[in-house]
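Q: I'd like a close look at one helix in this protein, the third one along the chain. Could you walk me through which way its residues face and what sits around it?

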Amino acid sequence: MCYGIRIWHLGEIGNSSMDNQQQPFELLSNTRVLITGHTGFKGTWLARLLNMFGAQISGVAFPPEPGSLFQRIASPLVQDQKYFDIADSKQLSEFVLAVRPDIVFHLAAQSLVRKSYRDPLATFQTNVMGTVNLLDAVLKSPSIKGVVVATTDKVYKNVEKMEIGRAHV
């Protein structure tokens, strides 16, 4: 099975040009999806959206905060979920093999800038080695046909604060 992405122009949605074509996201129906960071803001909304299209969702993340958005709108939508740090390669690899996803959305990260300054080692372990561990687990899992790796805007320079003609470090 091959997964393709088609970007629809707003004018096409609901337009007769889409008649007799597969609707966007129809390919996700009954697809096994793993979301890393499923308890975070983006993971919560992604789980909700994928559920609307019929995907079977698994997730790995840190435990959600009490009363979080995830607990209010997405927790029951995730069929199989575990709470641990993706820096734990053994546990991550075992989980990926157990849930046999077709697609992986990698959203898990430590993205808080101040926390990264206080504990840079833990930030690198989760963000860099966690991604390495996930990609290693993906290579060992024959079921996976696609991976989406997301990042945060925190890795880019704040252009709106730059002064023209002056270099910023």
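A: Sure, but let's start with the whole protein. Of its 169 residues, 34% count as buried. Keep in mind that this is a predicted model. The pLDDT averages 82 over the protein, and 75% of the residues score at least 70. Residues 1-20 are another story: the pLDDT there is below 50, and beyond near neighbours in sequence this stretch has 20 contacts in the model. Where pLDDT is low, the predicted coordinates should not be read in detail.

Next, the layout. The protein has five helices and five strands, and along the sequence they follow the pattern β-α-β-α-β-α-β-α-α-β. Among contacts between residues at least 6 apart in sequence, 62% join residues at least 24 apart.

Now for your helix, H3, which covers residues 89-99. Which of its residues are buried? They are Leu92, Ser93, Phe95, Val96 and Val99. These residues sit on the same side of H3, because they cover an arc of only 165 degrees around the axis. A bit of helix geometry helps here: an α-helix has 3.6 residues a turn, so residues three or four places apart point the same way.

What about the other side of H3? That's where you'll find Lys90 and Ala98, which are exposed. And what covers the buried residues? The cover includes three strands, E1 (32-36), E2 (56-61) and E3 (78-83), along with helix H5. Just after H3 comes Arg100, with a positive phi near 45 degrees.

Since H5 is part of that cover, let's have a look at H5 too. This helix spans residues 120-140, and Met129 is in it. Met129 counts as partly exposed because its relative accessibility is 41%. Together with Phe124, Val128 and Val132, Met129 forms a nonpolar patch on the surface, and the four have about 370 Å² of accessible area together. For the whole protein, the accessible surface comes to about 11,200 Å², and 58% of that belongs to carbon and sulfur atoms.

For one more buried residue, try Thr44 in helix H1, which runs over residues 41-52. Thr44 has a relative accessible area of 0%, so Thr44 is buried. Who are its contacts, leaving aside neighbours within four places in sequence? They are His38, Thr39, Leu69, Phe70, Ile73 and Ala74.

So, back to your helix: H3 has Leu92, Ser93, Phe95, Val96 and Val99 buried, while Lys90 and Ala98 are exposed on the other side.

Notes. Residues are numbered from 1 along each chain as its sequence is written. This is a predicted model: local features need pLDDT of at least 70, side-chain atom pairs count only at pLDDT 80 or more; totals for chains, interfaces and linings use all residues. Side-chain values use heavy atoms; hydrogens and water are left out. Patches are made of residues with over 30% relative accessible area and no salt bridge: like charges are joined within 9 Å, nonpolar side chains (Val, Leu, Ile, Met, Phe, Trp, Tyr) within 5 Å. Accessible areas come from the Shrake-Rupley method with a 1.4 Å probe; for residues, only the protein chains shown count as cover. A salt bridge is a side-chain nitrogen of Lys or Arg within 4 Å of a carboxyl oxygen of Asp or Glu. Helices (H or I, at least four residues) and strands (E, at least two) are DSSP runs, numbered from the N terminus. Buried means under 20% relative accessible area, exposed over 50%, partly exposed in between (1.4 Å probe, protein chains only). The arc is that of the directions from the helix axis to the C-beta atoms. Contact means heavy atoms within 4.5 Å. pLDDT is the predictor's confidence in each residue, from 0 to 100.
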